[in-house]
Every structure is written in structure tokens, then in C-alpha cells.
Amino acid sequence: MEFWDKKIECMSRDEIKQVQLEKLQATLNRVYKNVRHYRKIFREVDFMPEDLSTFSDFKRLPFITRRDLSENYPYDMFAVPLREVVRLHTASINFEDPIVIGFTQNDINNWAELMARNFTAVGISKDDVVQIALNFGITTGPFGIQVGAEKIGASVIPMSSGKFSAQIKIMRDFRTTVLVSTPTLALSLVREMEDMNIDPQKLSLKYGVFGSEPWSETTRDEIETKMHITATDTYGMTELFGPGVAWECPEKNGLHIAEDHFIPEIIDPITLESLPEGSEGELVLTSISKEAFPLIRFRTGDLSRIDYAPCACGRTHCRISRIFKRCDDVIVVRGMAITPEQIGQVLSRVSGGQPVSQIVVERSDGQDQMTVMIEISDLNFFDEMKKQRRFVEQLHRELSELLGWEVVVRLVEPGTFNPDEKVMDKRQFQ
Ligand SMILES: [Zn+2]
């Protein structure tokens, strides 16, 4: 078993706690001094950073949510001046509640370190050729993968999300050994290989590192069997770093969280109480090494459980269970986090009212499909076919442009769906 930094990855529980407390103290001091939002919420609970002496003091602090981040858009959550920021990323810039995340050079270095641990844990080394089939754009995903793969000395192909046939040609000609993508894309590539009459066994592929969307064990089996690779899960989110927060080791028995960079907690998403070890609840993360954009008790919205038991791989950092569900109404479709409110904003702009709607998500042929169902009413010209068609076309165009892929829009008779169910996710992950 290879380790990137065995000393850190195999620290004793006491050592982990010590490191966390020290880094947390420094982070709290810094955000209190530099970020008005934290100063305000700390004062509301009568907390001064010097009050921190144990983790129970820390648990007095309020949580922060994505809404806090968008309310402080663009730069009010930054803990360093902009001149110290070397990189800016965002998630969902097209929506009306955007957020922006900054990185200092140290943040980027730490990110590379985290991804280097992830790659080394699954067996990837400087001998590998890593094809990154994630879109190099304004979101963080592929950039973290790139710095991590370069850190371990692997050869990086920043392929981005090109045509399937081009992906496979590069894969064959450049002798790619590692594919990094969404699991959905991996399945599409398998199908394309079948169409192109290319035997995956004749390629050099050995590993797949997949993330950005929930995926089942059945999907893992299918990818591993058909591509003849070992497929592992990696977890993160733009608000924290992007990938590199937690990853599977070869045991494939939960994802190790880098506990020297993050403090994980599990809470009840309704009562916000901390839950005992092993319970399923909302994952809350605090970043204790981020300079530009530290997050204190950030509610991820992801449902998971934490296991502190030692892992057979030798790593001591705790593991979170794989993420299949969320506790809020966010749906992750094709790697994108979407809320019914965001879709509702477009519906209300186009229709001039708030039509009754439901988002249906399905997975067919390994690809996520989204349908927005809208009840027929006078908001969408129930008695004028031509206007109705134009309305549907405009919605289809605007939603597809917003999300970057084809969204189906359907007008349906009232009573076709339960109006209280804003989202119907038909995908099976567990
Ligand atoms: Zn392990």
C-alpha cells in the first residue's frame, strides 16, 4: 500500500485532534478579524476566538449555508485581500444566487497535496497518464485533478469534455492509464467503444477516478467490468476546494476525509443537533487550512455517516459513507447542483407567474435526463395552441441554455403529479 504522506495519513487520533484544534484556532482568529459575516455571527452567540479550548466550544458556533455565501457575493466572505488571491472559481454563475471562491497560492498547493494523496491511495503514480475528461471552465473540478496529478509526476491530458470518439482516440493513442470523469461519461465511453469496435482490454486503462454526481455500486460494477479498470469515488465541492475533500482507498469502504484540512460533523438537518457517531445525517465541514475562503461549520446538504474505526488500508483519517442523497431539495444532475427555486425563477420570468411544476430526473442509458412538467393553466395559454407551443419552446431554450444540456419541458393536465412534490428523482443509487 502506497501513501503520499504516511506520517499525516496515519496519525493517531490524539495527534489528529491536536492538529485540528491548532489549525481551527488560527482559522477562527483569521475569519473573525477579516470577515464581517463571521464577526457578526460569532458575536451573536457571544463567542470570541480565544474562547476556544475544546471541540465543545466550537460546537457553539452557528452553521453557515450556501445562502450566506451568495448573500456575500462576490468577495465579502474572503479572508485575504484580493491581491493575495491567485485563482477565482464559481459554481452555477448563471443562476441568480451565484457564489465565488478564491484560492491563494498556498490553497492551490494544499489542493495539489490532497489530490496527490487521493491518487496515490488508489495506486496511481508518476508512471501513469491521466486523462481529465471534465470540463475545464469556471468550476473547480478538473483544476484540482490537474494539480494533483502533476504533483505526483503523472502525465496529464487536459482533455476536457470533448466528443466521445475524440476521447477514445486520445485514450488509445496517448496510452491513457487513468480516466477522471463523471461516472456517466465513463458509461457513455464504454458504449462508444462498443460502437467503434474497440476492445477496452486492448487499451492501457487501469484506473478510473469518478465524482461530481451520485453513482451506485451497480454502476461501479458495470464500469469496472466493461472497462477493465478499478473505479473509485472522490468527493468534494466547489465551496470547499472541489475534489480532494474525501476519497476512497482500495478498500472501497467509505471515503477518507483529510482530517488535517477539514473537521467533519454529522447533524440532524431539522433540529441541527450533533448526531452520535455512526448515525446518518447532514455532513457539516469546517475547512481549517484554507486561507482565502475558509468555511466554518458549512452545511453541505449531503447525507452521510462518519466511521472513525481504523481502515484496513492503514489510514487513520475517518471515513464518510458514499453520498447518494441530500437532505435539502438540491438535485445533482450531470454534476450540477440544481434547486427547484432556480428552475422556478426561469418559469416565473417566462410565464409572468408561478406555474405549478415538478422536476423529474431519470437515468437512461447511463445519462441523466431532466424533464420539467408544468400544469396547464391560463399562465401558459391553455386555449391557444400556437402560443402554448412557443411558451414551451422558449422554456426549453432558456433552461437548456442555463444548464448547458437539453431539458425536456412538458405541459400536463392538472392532477398529473402531486404539486407538493417539487422533485421526483427516479434514479436508483442504493
Ligand atoms: Zn482506507
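Let's start at V129, which stands opposite S155 in strand β4. V129 belongs to strand β3, residues 129–132, and please keep in mind that this is a predicted model. β3 and β4, the latter covering residues 155–157, pair in the parallel sense over three bridges. To get from β3 to β4, the chain goes through helix α7, residues 141–151, and this β-α-β crossover is right-handed.

Now, what does β3 pair with besides β4? Strand β5, residues 178–181, also pairs with β3 in the parallel sense, over three bridges. If you want a residue to click on there, take Q131, which stands opposite L179 in β5.

And are the faces of β3 covered or open? Both are covered. V129 and Q131 sit on one side, V130 and I132 on the other, and all four residues are buried.

Let's move along to another sheet. This one is open, with three strands in the order β10-β11-β12, and the pairing is antiparallel. At its edges are β10, residues 262–267, and β12, residues 298–304, each of which pairs on one side only. From one strand to the next, the twist averages 30°. Looking at one pair in detail, β10 and β11, residues 281–287, are joined in the antiparallel sense over six bridges. E265 is a good place to zoom in, as E265 stands opposite V284 in β11.

On to the helices. Two packed helices are described by the angle between their axes and the distance between the axes. For α11, residues 340–351, and α12, residues 385–403, the angle is about 145° and the axes are 10 Å apart. The crossing of α11 past α12 is right-handed.

Which residues meet here? From α11 we have I343, V346, L347 and V350, and from α12 they meet F391, Q394, L395, E398, L399 and L402. Sorted by class, this contact has eight nonpolar residues, one polar and one charged.

My last stop is E413, in the loop between β19, residues 408–412, and β20, residues 423–425. Why do we call E413 exposed? Because E413 has 8 other C-beta atoms within 10 Å, and a residue counts as exposed at 12 or fewer. Finally, try drawing a line from E413 to L203: they are 210 residues apart in sequence, and 51 Å apart in space, C-alpha to C-alpha.

That's my tour, thanks for listening!

Technical notes
Residues numbered from 1 in each chain as written. Predicted model: local features only at pLDDT ≥ 70, side-chain atom pairs only at ≥ 80, totals over all residues. Buried ≥ 20, exposed ≤ 12 C-beta atoms within 10 Å, placed from the backbone. Helix = DSSP H or I, 4+ residues; strand = E, 2+ residues; numbered from the N terminus. Pairing = 2+ DSSP bridges. Right-handed = clockwise from strand over helix to strand, strands pointing away. Axes fitted to C-alpha atoms, helices over the stretch in contact; angles between N-to-C directions. Left-handed = near helix turned anticlockwise from the far one by under 90°. Contact = placed C-beta atoms within 7 Å. Nonpolar A, V, L, I, M, F, W, Y, C, P; charged D, E, K, R; others polar.
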